[in-house]
Amino acid sequence: MASRFAHVCIYQEKTMDHIDQAIYDTVHNSELSAKQIAPLMGVGHQVLINKANPQTETHKMSLREAVALQLITGNHAIYRAMGMELSIKTKQAAPLGILESVLKVGKEHGDVLAMIHKSMEDGKLTMREQEQCQREITEAIEALMDLREAVLEHSKKQIKG
């Protein structure tokens, strides 16, 4: 039991970065400012800023606060990041066809390349830039998973005739 717990803790340290990044992005890239979001969540502005800081190991956002933040902002990036951690694939309302999926993969791949290029212009990769690159890579992986699903769905339709 102890070794399994240790494995989970090591896994958590390495993989929770994109959840922390999703929280940061939800707070700082919303149509509402952090100053507007904080009172709607029932917390002070600086408390919200501290909880959204991916660089700190203290003052983490609770699950209930994360749900409230997503409801307030309408941004479900935290939910998607948690789904990636738990290997849960969110279903789209209508699956994309193969052509649309290929185009989405191309677009996401371009976003990864652009972010890496932008991040490496000064020859350094900051923690913030690393997190942005990881977010773009995650979106590209999701697009590839959608493409896989589109190919399988197409094959199923052909078999059924």
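1. First, some vocabulary: helices are DSSP runs of H or I with at least four residues, strands are runs of E with at least two, and both are numbered from the N terminus. With that in hand, H59 is easy to place: it sits in the loop between α4 and α5.

2. Keep in mind that this is a predicted model, where local features need pLDDT of at least 70, side-chain atom pairs count only at pLDDT 80 or more, and totals for chains, interfaces and linings use all residues. Residues are numbered from 1 along each chain as its sequence is written, and side-chain values use heavy atoms, with hydrogens and water left out.

3. Back to that loop. Most residues other than glycine have a negative phi. H59 is not a glycine, yet its phi is positive, about 60°.

4. What ties α4 to α5? A salt bridge (a side-chain nitrogen of Lys or Arg within 4 Å of a carboxyl oxygen of Asp or Glu) joins the side chains of E65 and K51, at 2.7 Å, N to O. E65 lies in α5 and K51 in α4 (residues 45–51), so the pair links parts that are 14 residues apart in sequence. The structure holds eight salt bridges.

5. Now α5 (residues 63–73) and α6 (residues 77–85): their axes come within 8 Å and cross at roughly 130°. Axes here are lines fitted to C-alpha atoms, for helices over the stretch in contact, with angles from 0 to 180 degrees between N-to-C directions. That crossing makes α5 oblique to α6; angles under 35 degrees count as roughly parallel, over 145 as roughly antiparallel, 65 to 115 as roughly perpendicular and the rest as oblique. The contact (heavy atoms within 4.5 Å) involves L63, A66, L69 and Q70 of α5 with A77, I78, Y79 and M82 of α6.

6. α6 also meets α2 (residues 17–28), with axes that come within 8 Å and cross at roughly 175°. The two are therefore roughly antiparallel. On the α2 side the contact uses H18, I19, A22, I23 and T26, and on the α6 side A77, I78, A81, M82, M84 and E85.

7. Finally, look at the surface: I116, M120, L125, I137, I141 and M145 make a nonpolar patch of about 470 Å². Such patches take residues with over 30% relative accessible area and no salt bridge, joining nonpolar side chains (Val, Leu, Ile, Met, Phe, Trp, Tyr) within 5 Å and like charges within 9 Å; areas come from the Shrake-Rupley method with a 1.4 Å probe, and for residues only the protein chains shown count as cover. Helix α8 (residues 127–160) gives the largest share, three residues, and I141 is found in α8.
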